[in-house]
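Subject: Structure handover

Hello,

Here is the structure I said I would pass on. My notes on charged and aromatic side chains follow it.

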Amino acid sequence: MNVSLNWLSTHLDVAGKSIQEIDDLLTFAGVEVEGIEAKGVSSEKIVVAQVKEAVPHPNADRLKVTQVDCGEDGLRQIVCGAKNYKVGDKVPCALPGAALPGGFTIGETVMRKVESKGMLCASSEIGLPEGEDGLMILPEDAEIGKPVKEMFDSDTLFELEVTPNRPDLLSHYGMAREWAALLETPLKPLEIPERKRTGETAIKIESPDACPLYTAVRISGVTVKDSPAWLKERLEAIGLRPINNIVDITNYVLHEVGQPLHAFDCAKLTGGIVVRPAKEGEKFVALDESEHVLAPEDLVISDESGAALALGGVMGGLDSGVTETTTDVLLESAYFTPQGIRRTSRKTALSSDSSYRFERGVDPQGVLSASDFAVKLILELAGGTAAEATEVAGEAPVLVQPVKLDAAKLDQLMGGSISLDEAGAILTRLGLKDLGDGMWEVPSFRGDLLRHIDLVEEIARVHGLANVPSRFLGAFVPTSKVDAGYDADMMLRRRLAALGLYECQTIKLISDAQMIDALPLRPLMDGDVIRVALPLSEDHAVMRPSIVPGLVASAERNVRQQAKSLRFFEMGRVFRNAGGGKAKDQESDSLAILLSGPTAPAGWSADADAADLYDVKGLLAALLPGKAIKFQPRARDGFALACDVKAGEQNIGVFARLLPGRERALDFSDPVFVVELDLGKLRKLLTGTAHVEELPQFPGSSRDAAMNVSVATANADIEKVLEKCGEPLLVDFKCFDVFTDPTGEKLAADRKSVAYRFHYRAADKTLKQKDVDGAHAKVLEALTKKLGVEFR
């Protein structure tokens, strides 16, 4: 939000404070200052000069060499390219050393072999609003040599970021109220004459939950014209474009007191105002000429004919606004509930100063006073006659209640740095009223003050956190499960990063379309998916039962940016029901991994191989050193290949490859492999006692064996037999070759050759050949008995 210092100065005196002091004060009080811009002429070295002579430049057709009088002993020579001046005109002259907007400093220079000792300036070049093309022509009575900054008002514009819980600061008077409390400076009250109210009205509210209060004033005989200079300057100072006096007044009141208003042309209304839900499929054309299709959850302001005049609290309609021909206006001032405004604004992508305030919550008790203020200004600036009373439909909701300040807790939290009387004085400056016995009445514009701790927070930020003494009251506590879990997570992150993976952070809400990529640890049943009741958009309709969809979406965006090697991981929470919805709202932590594309950068000799399931298995083995990682095939709908991931005999997650059709639809050129692991089980595997084995003292011996087995025999079945064969000398085994022949010429088409290398070693002696041969024979015998293996 832009805040003008000149505008603020009409409400309180800040003359004794520098810009830097105000910046620091706001920052430490919790109001972020994003930028400070000085407006107007800032340099003393920009003076009034009179052109005494202007002759063509000897070496440039478009330049002239001028002699100007700057109030010095002699004339000053300046080369100028403007054409809109004549000899005798008075113009701004930037002397050497003058600092212009944009960080540009004027100096003496030579232009096409002619010396130039300064610069004649246009209005925009010295910090004033842009004027005519060329030099700024000053009044004839301007004093030669006088600093130009003394002839024009200057201002300072603060760009402030207001937190969503402080909508009371979204106006100049609200900000002045805050500054007055921080600076301990008196706040000048707003003088707004209170008008009569009447409940006898033609206004109909059909959606009281969305619009509890709606007021309207009819003003006849107005003259729509340009706004006076002071009003234009106020709006232009904060970056708004003046339109006409009626519209400008509604904008001024909004930025003055924070209450959005809207003015309708009475000639375009039929009967009274109706505040109603939109009809399904109803069309609405907004002021910005955009067309929208509405739904019943949207709120419409219409007349008795049913024509939609405005999208309540968001934006007015194109056909009901005030124009130059308007003579009668209907002034709207209302309170709309924030949830509905936020939903409609997001859905329609319509955002305005009004919706920005309504969706954060305006002061319901300020609706009528803002209307009274606007009526007063309209009668002063546009003439006309206002109805005797303001029509009121509904009631202003009461959103605040008294809050108790616990003196003992205040003293504890503030470290005894402030007395109860001083704390009470701060709350009084903030607009609260002491009711006695520690109870404080909260003003209607501070809906964020609900609990004792809220009052303490206000006292602390005004008092200054730097004034609260620091204390060391912590004591040693033993490591908890939470600490151990955090350490395990960080260990996993470091290992994954060391393995070349990048961590992602994706939103916990996904779309129905992304559910095709979900890889939950347990297959989903009907009723297991948790849907958002009122999603902000269709892209955020489901609470993710798996992290994989988010990683796939991230990988898709990277592919479109020409990324080749995709190596991502994410840790986070997943959500689901279980048993078809019998067990509700279960949450658990998962680790998801995605691999695709080259496993190494392309070299001069050859391109790197694309990642495959063995790379995934090797990565998991490196992630859990000392654990035997196994893949056990288990079909999953929507995936070309799927397995359960086991560490030893414990099931820790799921592995899968996306369907080739899905990979092509997402523009992947290589297979995409994904893994989802149970993070809780991983933590236990990493936080257990670490066991260290001594290095072997005696050499081992290896034997190779090629097995002829059925094509249907899984490698996992072979490994299971080898693990259970009970041969103590067998310390390691590894598959190093697989051969098949679909033609059946060298090997039957329904058979395959699998080659294994077996390593044997004893812990207490060097093995002899007969020892190795005996152990190897037992291993081969076990494979023959269990799987019917034939050895080649």
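There are 37 salt bridges by the rule used here, and the model they were computed from is a predicted one. Side chains of opposite charge can pair when their charged atoms come close. Three individual pairs and one network are described below.

Asp226 and Lys232 make one of these bridges, with 3.9 Å between the closest N and O atoms. The cut-off for a salt bridge is 4 Å. Asp226 has a relative accessible area of 55% and is therefore exposed, since exposed means over 50%. Lys232, at 26%, is partly exposed.

Another bridge joins Arg544 to Glu570, and here the closest N and O atoms are 3.3 Å apart. Glu570 sits in strand S33 (residues 566-578), while Arg544 is in the loop between strand S32 (542-543) and helix H13 (548-560), so this pair ties together parts that are 26 residues apart in sequence. Why do both partners count as buried? Glu570 has a relative accessibility of 1%, and the relative accessible area of Arg544 is also 1%; buried means under 20%, so each of these values falls in that class.

The third pair is Asp589 with Arg683, whose side chains meet in a salt bridge at 3.3 Å, N to O. It links distant parts of the chain: Asp589 belongs to strand S34 (residues 583-596) and Arg683 to helix H16 (residues 679-687), 94 residues apart. Asp589 and Arg683 are both buried.

Salt bridges with shared partners also build a network, which consists of Arg166, Asp168, Glu178, Arg446, Asp448, Glu458 and Arg461.

Next, the aromatic side chains. How many aromatic pairs does the rule give? The count is nine. One of them is Tyr252 with Phe373, a tilted pair with 6.2 Å from centre to centre and 55 degrees between the planes. Tyr252 is in helix H5 (residues 245-257) and Phe373 in helix H8 (residues 367-381), so the contact ties together parts that lie 121 residues apart in sequence. Both Tyr252 and Phe373 are buried. They also belong to a cluster, in which ring pairs link them with Trp7 and Trp230.

A further pair, Phe631 with Phe655, is stacked: the centres are 4.8 Å apart and the planes differ by 15 degrees. This pair links distant parts of the chain, since Phe631 is in strand S35 (residues 629-633) and Phe655 in strand S37 (residues 650-658), 24 residues apart. Phe631 and Phe655 are both buried.

Last, the surface charge. Glu32, Glu34, Glu37, Glu159 and Glu161 form a negative surface patch. Which strands each supply at least two of its residues? They are strand S2 (32-39) and strand S12 (155-161). The largest share, three residues, comes from S2. Glu161 is located in S12 and has a relative accessibility of 34%, so it counts as partly exposed. That value also satisfies the patch rule, because the rule asks for over 30% relative accessible area.

Regards

How values were computed:
Residues are numbered from 1 along each chain as its sequence is written. This is a predicted model: local features need pLDDT of at least 70, side-chain atom pairs count only at pLDDT 80 or more; totals for chains, interfaces and linings use all residues. Side-chain values use heavy atoms; hydrogens and water are left out. Patches are made of residues with over 30% relative accessible area and no salt bridge: like charges are joined within 9 Å, nonpolar side chains (Val, Leu, Ile, Met, Phe, Trp, Tyr) within 5 Å. Accessible areas come from the Shrake-Rupley method with a 1.4 Å probe; for residues, only the protein chains shown count as cover. Lys and Arg count as positive and Asp and Glu as negative; His and the chain ends are not counted. The place of a charge is taken as NZ of Lys, CZ of Arg, CG of Asp or CD of Glu. Helices (H or I, at least four residues) and strands (E, at least two) are DSSP runs, numbered from the N terminus. Buried means under 20% relative accessible area, exposed over 50%, partly exposed in between (1.4 Å probe, protein chains only). Rings of Phe, Tyr and Trp (its six-membered ring) pair if their centres lie within 6.5 Å; planes under 30 degrees apart count as stacked, over 60 as edge-to-face and the rest as tilted.
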